[in-house]
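User: I am new to this structure and would like to understand the reasons behind the words used to describe it. Could you take me through it step by step?

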Amino acid sequence: MWYWLHRFSSPAYFYRFAGKAIPWLAAITGLLLLAGLYGGLVLAPADYQQGDSYRIIFIHVPSAWMSLFIYMVMATAGGIGLIWHIKLAEVIAASSAPIGASFTFIALATGSLWGKPMWGTWWVWDARLTSELILLFLYFGVIALQSAGEDKRTASRASAILALVGVINIPIIHFSVEWWNTLHQGATVSKMDAPSIHTSMLVPLLIMAVACKFYYATSLLMRARAELLDREHNSHWIRDALKNHE
Amino acid sequence: MNNLAEFFHMGGYALYVWSAYGLATVVLGYNILAPLWRLRGLQRRLALRHAKNNGATP
């Protein structure tokens, strides 16, 4: 296990492995997205209260989940880079930030597009929306620190500290609908014994959630490869990789 | 045909539903294209530089 981890965290091995994995991950992402969208937009019936507007849920909720999941991956990778100085961990953290920010933005924007017809307003300063907006600014902060300064490793350390401090916001977002009386509706799925959603809607929602996970893996590996190439452009393994057109 | 029109109509919520999915498509598409372009550019630049260095010191 340690041998494998050590091998995997070597930039040269990761670069080659990621190059091989990306087409497969992209194909799985595409198939899952097709299945999830077909199930959500075509097969699932309209909601008895919200009509067809609820169909925004199939992109809104997976995006919101991803915004939290990616933040935890980013903070964990940042922490590992901070403590053990593993280059690959810094690259994973740096590459996760823009993807996480994108999902956070999608969650906020689609929520707004859902809120307008249902609540009659694009935005309210309630606990769930505000804490998610703070998450977006945390991502922006991490991205800004990444690109600040000449030395990438110092920048990685600074942004990892910000990411770790910002982890405090994650449980706040998750429990905000329970702790405060908000306009945002309560959890749809997490009540595992009796989710407040019908199977014909739950299945495409879960497929979309898995599709977003695979999408993240695809985009992350692509970004990580470019980032590695940029940081390591003088290493021997890069010369070899480029010679073999990898 | 009528079904298709109904599908795009989204029970009157077409503007909101399709804006949401259109926006997500643009943002997620960009997150695939941007790293692709960056990787291609870097590969080309580095390959060029290595070729030049090899020519200078045989």
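Analyst: Let us start with a definition: a residue is called buried when its relative accessible area is under 20%, exposed when that value is over 50%, and partly exposed in between. Please keep in mind that this is a predicted model.

User: Why is A:Glu90 called buried or exposed, whichever of the two applies?

Analyst: The relative accessible area of A:Glu90 is 4%, and the cut-off for buried is under 20%, so A:Glu90 is called buried.

User: What does the side chain of A:Glu90 meet, and what makes that a salt bridge?

Analyst: The side chain of A:Glu90 meets that of A:Arg231, with 3.4 Å from N to O. The rule asks for a side-chain nitrogen of Lys or Arg within 4 Å of a carboxyl oxygen of Asp or Glu, and therefore the pair qualifies. The two partners come from distant parts of the chain, as A:Glu90 belongs to helix 4 (residues 87-119) of chain A and A:Arg231 to helix 8 (residues 199-231) of chain A, 141 residues apart. A:Arg231 has a relative accessible area of 19% and is buried, since the limit is under 20%.

User: How do you know which class A:Asp230 and A:Lys152 belong to?

Analyst: A:Asp230 has a relative accessibility of 24% and A:Lys152 one of 33%. Values between 20% and 50% fall in the middle class, so A:Asp230 counts as partly exposed, and A:Lys152 counts as partly exposed. The side chains of these two residues also meet in a salt bridge, at 3.9 Å from N to O, where the cut-off is 4 Å. Because A:Asp230 lies in helix 8 of chain A and A:Lys152 in helix 6 (residues 152-166) of chain A, this pair ties together parts that are 78 residues apart in sequence.

User: Why can a salt bridge of B:Arg38 be said to join two chains?

Analyst: B:Arg38 forms a salt bridge with A:Asp230, the closest N and O atoms being 3.0 Å apart. B:Arg38 sits in helix 2 of chain B whereas A:Asp230 sits in helix 8 of chain A, so the pair joins two chains. With a relative accessible area of 32%, B:Arg38 is partly exposed. Through shared partners, salt bridges join A:Glu90, A:Lys152, A:Arg153, A:Glu227, A:Asp230, A:Arg231 and B:Arg38 into one network.

User: How many salt bridges does the rule find across the interface of chain B and chain A, and what else describes that interface?

Analyst: The rule finds two salt bridges across the interface of chain B and chain A, and a salt bridge between the side chains of A:Glu227 and B:Arg38 has a distance of 3.1 Å from N to O. On the side of chain B that touches chain A, helix 2 (residues 14-56) of chain B gives the largest share, 24 residues. The residues on that side of chain B divide into 20 nonpolar, six polar and two charged. The contact takes 28 residues from chain B and 41 residues from chain A, while the area buried between the chains is about 3000 Å², with carbon and sulfur atoms giving 73% of it.

User: What makes chain A as compact as a globular protein of its length?

Analyst: Chain A has nine helices and zero strands. Its radius of gyration is 20 Å, and the globule rule gives 18 Å for 246 residues; the two values are close, so chain A is as compact as a globular protein of that length. Buried residues make up 50% of the 246 residues in chain A.

User: How do you know whether A:Thr29 and A:Met66 are buried or exposed?

Analyst: A:Thr29, found in helix 2 (residues 11-43) of chain A, has a relative accessible area of 5% and is therefore buried. A polar atom of the side chain of A:Thr29 lies 3.3 Å from the backbone oxygen of A:Phe214. A:Met66 lies in helix 3 (residues 57-84) of chain A, and with a relative accessible area of 1% A:Met66 is buried as well. Leaving aside residues up to four places away in sequence, A:Met66 touches A:Tyr71, A:Phe103, A:Cys212, A:Lys213 and A:Tyr216.

How values were computed:
Residues numbered from 1 in each chain as written. Chains lettered and ligands numbered in written order. Predicted model: local features only at pLDDT ≥ 70, side-chain atom pairs only at ≥ 80, totals over all residues. Heavy atoms only, no water. Contact = heavy atoms within 4.5 Å. Buried area = accessible area lost by both parts, 1.4 Å probe. Helix = DSSP H or I, 4+ residues; strand = E, 2+ residues; numbered from the N terminus. Nonpolar A, V, L, I, M, F, W, Y, C, P; charged D, E, K, R; others polar. Rg over C-alpha atoms; globule rule 2.2 N^0.38 Å. Buried < 20%, exposed > 50% of the residue type's maximum accessible area, 1.4 Å probe, protein only. Polar contact = N/O pair within 3.5 Å; in protein donor to acceptor, adjacent residues only side chain to side chain.
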